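Colleague: I would like to go through this model with you, one item at a time. Please give the reasoning before each value.

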Amino acid sequence: MYVRSFILSSKALLFAVAITSLTANSLRADILAAGFFSGTIDRYTAATGTFSTFATVATQSDFFPGVSGIVVNESANRVYATGYQSGRVYEIDATTGAVLNSVALGGGIAPGGIALDAVGNVYVSNQGGQDPLQAGNQVIVLNSSLSQVASFTLPDLGLGANRPAGLAFNGPNSLVVSTLSGFGVFTLNTTNGQFTNIATSSPVSNSQVAVDPTTGNVAIGGAFTNDISVYNPSLTSSTVTTIDSSVLPLPALPYASADLTFPSGVAYDPNGNLIIGALGRTNPFSGPMDLSMIGQMNGTDNFQSNGGLFAIPAGGGSIISYGVNTTPYSSVAYISAVPEPTTIAILSALTAVVGMRQWRVRRAARRVA
């Protein structure tokens, strides 16, 4: 009986450790959000419900990179980001947030969306510059050292350059490509380089793409709109979620831009919750250009931070707000989090107690024998 009681109490403690660990893991769903105008990447920590600066991409010589896309490579402990204005791709340490590498793509390339394949190659969409005559029409492939190894050109379906925007893999060698000014949504067979136009009814002005790991559904963020489209896995039908003033309040002061929230950033966490990042309604460059006023009131638009970070629960439900009137967010990504130090201390203490009890059980068993 004495031995049995020790065994049962040890199992109870082991169960407690397992439950504590499960709770800690449920809080590991942190979010990275790219600040397009701020030149930083913020981190939303789910365990505390707080925002902090994860990485600073902007430098004195590259003060407005226009961070446009982000993607996380968990196995390599890396985050990759694109700079639409700087024409660069950035490699960032996923633990410290330090920028490890920065590569200029050259040739007038203005990178937008970004995705990773199964072996760690980096795919980047070339949106081209603000001038439609200079618009890009390629998906560029970089190796893990950020050297270009291939490129694929989207077909011209009568509207000129498509300006590919968001990228996400929805299967082996199958890359979903949204377009900002082209003809809907494409898939790219990365083995043979063939594009298929599969969502011609989709509105143009699409943005980031994300694939639900639990259902295969494909979410596409919106640019110049208030809407996010979620397609079925074959991209033959979609539903729309609107980020309007009931979700993202209007700026406090008057502004000149259209009432469009630009919910361009989308990502799924491993449980199928859809994370949304919004740029918001105001733009520091819509009035007379004054570089000294970036991030402040500028020109006719009266720029105000009107971004937001939200989520739609897996399976549907009301939109969850993590933050409104934040810096404008162009893209978002899920990233695993290290458990809080307090949680680690509790787990370590419980594990030590269980280990001691198990040692006592074994010693008691030997005595009985």
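Modeller: A polar contact here is a pair of N or O atoms within 3.5 Å, where one must be able to donate a hydrogen and the other to accept it. Bear in mind that the model is predicted.

Colleague: Which residue has its backbone nitrogen 2.8 Å from a polar atom of the side chain of Ser 178?

Modeller: Ser 178 is located in strand S13. Outside its neighbours within four places in sequence, the contacts of Ser 178 include Arg 163, Pro 164, Ala 165 and Gly 166. The backbone nitrogen at 2.8 Å from a polar atom of the Ser 178 side chain is that of Gly 166.

Colleague: Is Ser 178 buried or exposed?

Modeller: A residue counts as buried when its relative accessible area is under 20%. Ser 178 has a relative accessibility of 0%, and therefore it counts as buried.

Colleague: In which order do the four strands of the open sheet run?

Modeller: S12 and S13, the latter spanning residues 174-179, pair in the antiparallel sense over five bridges. Within this pair, Gly 171 is bridged to Ser 174 of S13. Strand S12 (164-171) and strand S15 (194-199) each have a single partner strand and stand at the edges, so one side of each has no neighbour in the sheet. The pairing is antiparallel, and the order is S12-S13-S14-S15.

Colleague: What does the twist average from one strand to the next?

Modeller: The value refers to the open sheet of four strands with antiparallel pairing. From one strand to the next, the twist averages 30°.

Colleague: How many bridges pair S16 with S17?

Modeller: Five of the six residues of S16 are buried, so the rest of the structure largely encloses this strand. One bridge joins Val 209 to its partner Ile 220 in S17. The two strands pair in the antiparallel sense, and the number of bridges is four.

Colleague: Which residue in the hairpin of S16 and S17 takes a positive phi near 85°?

Modeller: The loop in question lies between strand S16 (206-211) and strand S17 (218-222). The hairpin has six residues between the strands, and the residue with a positive phi near 85° is Gly 216.

Colleague: What is the C-alpha to C-alpha distance in space between Thr 214 and Asn 273?

Modeller: Thr 214 sits in the loop between S16 and S17. Leaving out neighbours within four places in sequence, Thr 214 is in contact with Pro 270, Asn 271 and Gly 272. Thr 214 and Asn 273 are 59 residues apart in sequence, and their C-alpha atoms are apart in space by 9.5 Å.

Colleague: Which side chain is joined to that of Thr 214 by a polar contact of 2.7 Å?

Modeller: With 47% relative accessibility, Thr 214 counts as partly exposed. The polar contact of 2.7 Å joins the side chain of Thr 214 to that of Asp 212.

Colleague: What percentage of the residues in the protein chain is buried?

Modeller: The protein chain has two helices and 24 strands. Its accessible surface is about 16600 Å², with 55% of that belonging to carbon and sulfur atoms. Of the 369 residues, the buried share is 47%.

Colleague: How many contacts beyond near neighbours in sequence does the stretch 339-354 have in the model?

Modeller: The protein chain averages a pLDDT of 82, and 75% of the residues score at least 70. Over residues 288-298, however, the pLDDT is below 50, with 18 contacts beyond near neighbours in sequence. Where pLDDT is low, the predicted coordinates should not be read in detail. Residues 339-354 also have a pLDDT below 50, and the number of such contacts for this stretch is 19.

Notes
Residues are numbered from 1 along each chain as its sequence is written. This is a predicted model: local features need pLDDT of at least 70, side-chain atom pairs count only at pLDDT 80 or more; totals for chains, interfaces and linings use all residues. Side-chain values use heavy atoms; hydrogens and water are left out. pLDDT is the predictor's confidence in each residue, from 0 to 100. Contact means heavy atoms within 4.5 Å. Two strands pair if DSSP finds at least two bridges between them. Axes are lines fitted to C-alpha atoms, for helices over the stretch in contact, and angles run from 0 to 180 degrees between N-to-C directions. Buried means under 20% relative accessible area, exposed over 50%, partly exposed in between (1.4 Å probe, protein chains only). Accessible areas come from the Shrake-Rupley method with a 1.4 Å probe; for residues, only the protein chains shown count as cover.
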